[in-house]
Amino acid sequence: MNSLSSYINRNSSDIIAALGQHIELSIIAILITVVLAVPLAVVLIDHRKIGEFFLQVTSVIQTIPSLAILGILIPFVGIGTVPAIIALVLYAIMPVFQNTYAGLTNIDPLLIEAADAFGVSKRFKLFRVQFPLALPMIISGIRIAVVMVIGTATLAALIGGGGLGTYILLGIQTNNNDALIVGAVLSAILALIASALIKVLARASFKRLVIGIGILIVLFGGFAGIKTMLTPKTQTITIAGKMGGEPEVLINMYKDLIQQANPNIHVKLKRNFGGTSFLFKALQNQNIDIYPEFTGTVLQSLVKGHKNVAANATTAYKDAAQALKQQYNLTYLAPMKYQNGYGITVTKAIADKYHLRTFADLAKYPELKAAFDPDFFQQADGYPGLQKAYGLHFNSVRTMEPSLRYEALAKGKVDVTDAYTTDPQIKKYHLILLQDNKSFFPPYQGAPLMRTHFAKKNPTIVKSLNRLAGKITTSEMQEMNYRVTVKHEKAAVVAKDYLNDHHLLDKKGK
Amino acid sequence: MIKLENVTKRYASNDALNNLSLTIKSGELFVLVGPSGSGKTTLLKMINRLNEPTIGNVTIDSADVKSFDIRHLRQNIGYVLQAGALFPNMTVAQNAAIQLETLGWDRQKRDQRVAELLDRVGLRATLFMNRMPSELSGGEAQRVGIVRALAAEPNIVLMDEPFSALDPISKRQLQDLVIQLHRELATTFVFVTHDMSEAIKLADRLAVIHNGTLQQVGVPNEILAKPANAFVATFFDENDTQNIFLNQVVKAGFGQPSTEVGQVLKGTDTIFDWAAQLKTTPDLVIKVEQTTLRPVDLINYLASLEQEAK
């Protein structure tokens, strides 16, 4: 509980911003839904067959998993808020349309007959008879849609739409329960409040409701207009990072370096933006301009023809940069020093006891108890490959969730586990990373990736970013990850500290 | 004058109306009566074009209803539906003024007209104007329904089984109200009912309809005395309505043949009309054609009905 409240205190402004984003996304989605679904239902009142058809269509849309909808939309509209809103609207249309349609078509036929018999106009009939009588149904449809949208909007984080989902994803990815609770609880509270608010609004008169919705639309439009007017017309570039603390530190460094050289450039950071293929697509679609990527990942997942990654880090980088240029017309700047790849780790006590320094040393002690991440245990580039390369053969091997293995190691429940070389827990538990003396694991060096066109147009940005080339050692990265994910310091502060300590922000880079 | 000429209404599975012709005179209280499903409501709705005949013509004062703008036609015809059919989202005043509003009357004039009519049908305007339909009894709701139909001073008022859902006391009060309003307004009323006694009580003339065809048209007395066919005769029996008419009291042998002077009532008046008269003048002697009836005859007659029922 303590850690939760301190987490909230430290991140309060970010949390409020995410909450605001979440509300904005939800309101825009609901307004669009209402503007689409209600008139559609009105038009179809007297065309029951087409109406039934639309009911079916909206139900079918409902059955498509929201993740699939987001995936389908990316090639067409890219990433960010636009596809998120489209997906939310597609979801929300069903309850609003169905309830509106049912409300309008299930009015006592005697009342409709009465309206007709007195020769009222179509407009009079619609606004004075049909709408008011269907209103409770319409409102309840909107209420269902609002609760659903607020819940589903958490998925917007997956495609860079922001909102409270960012915290849920962050929580899952970095095993941070505080973030998870903040995201989940806030979106639940938001849904409850919105639902209650609509219940109150439902008692207001129809006229006031229409006026209220009108005002809301005007306010939003005005707000958006003022926002764009106030935004200065300087160059804006967008830098994104994958999930987690390490990419966030890196993109903050990028920002500081770029702005130090070009104070007029506005740099927008999108932290925890998504997974590898998602960011890669976003870069190609010009949704983002720069993101840090690893050489090993480029060769194994992004480019064709490099399944066997060169063991030498420099060769691997050259292969990656060349393939990216040829296959995607992307520019891959020079990498930093540290590697964030697979490693094998043991406690200092075990290392001292068995005199362990390299993987080869490990092969002599099959009695050690090993625990591996399930993927690592199965994949050819994991334990099975190590068995072949080093003749490793542990008598006892267990699979274990990545988040649990370090603690198990620290408590002496297991002796050897796999690791990511920059994981902060290595520092936290004072673990020893053994040396891959036969260079079995592919090199994973981080470097900024951008479109070649962008690099050519912005030579000063390239120059600024290149100041990080060959900087940051593995233990320095561990240290920074430790400060961000374990000590919960701000990534921006940690990044700035590093740049200052290494004189990277000095003018002309003396 | 409303004329229905050779109208046929054909649905996919059956004929609702079959080659039916009928003339309703101006200012008449005309009743269409028949069992449910006979086609009487279909016929009524042809007058304001809620329903169109498959074959045949409907004319109002010699003009084909199809020649009118449909909204204009309907704005000038009053309509009373089953159980009032008031809009639950509007107040009594808004409900009653709906036709006036579409005709473009201003608010003040509308309220004035509605208030006047509410008072006339026995609802205190100051009390009822701002009530919601959910706060009204069935009888009150239907009174508002009548006000709504009369508000625009139409030449024709159509009533579709307006009292079928009411309790017997409210029903009788509203029937009396309809008779009174009709007498005062000289408007053509076309009234649909499946209740023979209601038809006899209200009608200047009535038409008996069965299976989409016209069985008999005439004044109530005529139809009571000389049913045109077996259906009309049994329809009366089935409805057990004969017993309430004064000529049935005479037929059953009550009263004395006399030339004595008394309050004259028609044979088609009912024992309820008689009882109503006795309420104000307890020793009233009434005369039905050549027979004198005294209060004691009513009591004896009712007792004899009770015995029959046993």
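Begin the tour by selecting V346(A), which counts as buried because 25 C-beta neighbours lie inside 10 Å, where 20 or more suffice for that class. The model on display is a predicted one. V346(A) has its place in strand β5 of chain A.

Next, display the surroundings of V346(A). Leaving aside residues up to four places away in sequence, V346(A) touches A351(A), L356(A), D415(A), V416(A), L431(A), I432(A) and L434(A). Then add A370(A): its C-alpha atom and that of V346(A) are separated by 9.7 Å, with their positions 24 residues apart along the chain.

**The sheet around β5(A)**

Widen the selection to the whole sheet. This is an open sheet of five strands in chain A, ordered β7-β6-β8-β5-β9, and its pairing is mixed. At the edges stand β7 (396-399) and β9 (431-433) of chain A, each of which pairs on one side only. From one strand to the next, the twist averages 35°.

Follow the pairings one at a time. Strand β5 (residues 342-347) of chain A is joined to β8(A) by five bridges, and the two run antiparallel. To see one of these positions, select I344(A), whose bridge partner in β8(A) is D418(A). Moving on to β6(A), one finds two bridges to β8(A), with the strands running parallel; here A370(A) stands opposite V416(A) of β8(A). Strand β6 (residues 369-372) of chain A is also joined to β7(A), by four bridges and again in parallel. In that pair, F372(A) stands opposite T399(A) of β7(A).

Now isolate strand β8 (residues 416-420) of chain A. How many of its five residues are buried? The count is five of five, and the strand is mostly covered. In a regular strand, side chains alternate between the two faces of the sheet. In β8(A), V416(A), D418(A) and Y420(A) point one way, while T417(A) and A419(A) point the other way, and all are buried.

**A helix with two sides**

Leave the sheet and select helix α3 (residues 48-63) of chain A. This helix has 16 residues and reaches 23 Å from its first C-alpha to its last, close to the 22 Å expected at 1.5 Å a residue. Which residues of α3(A) are buried? They are G51(A), F54(A) and T58(A). Because these residues cover an arc of only 60° around the axis, they lie on the same side of α3(A). An α-helix has 3.6 residues a turn, so residues three or four places apart point the same way.

Show α2 (12-43) and α5 (81-105) of chain A as well, since the buried residues of α3(A) pack against both. Then turn to the other side of α3(A), where K49(A), E52(A), F53(A), Q56(A), S59(A), V60(A) and T63(A) are exposed.

**Chain A as a whole, and chain B**

Zoom out to the full chain. Chain A holds 24 helices and ten strands. Of its 510 residues, 43% count as buried. Among contacts in chain A between residues at least 6 apart in sequence, 77% join residues at least 24 apart.

Finally, bring in chain B, where 15 residues are in contact with 14 residues of chain A. On the side of chain B that touches chain A, the elements giving two or more residues are α2 (70-75) and α4 (98-102) of chain B. Of these, α2(B) gives the most, with four residues. Colouring that side of chain B by class shows six nonpolar, seven polar and two charged residues.

Notes. Residues numbered from 1 in each chain as written. Chains lettered and ligands numbered in written order. Predicted model: local features only at pLDDT ≥ 70, side-chain atom pairs only at ≥ 80, totals over all residues. Pairing = 2+ DSSP bridges. Axes fitted to C-alpha atoms, helices over the stretch in contact; angles between N-to-C directions. Buried ≥ 20, exposed ≤ 12 C-beta atoms within 10 Å, placed from the backbone. Contact = placed C-beta atoms within 7 Å. Nonpolar A, V, L, I, M, F, W, Y, C, P; charged D, E, K, R; others polar. Expected span 1.5 Å × (residues − 1). Arc of directions from axis to C-beta.
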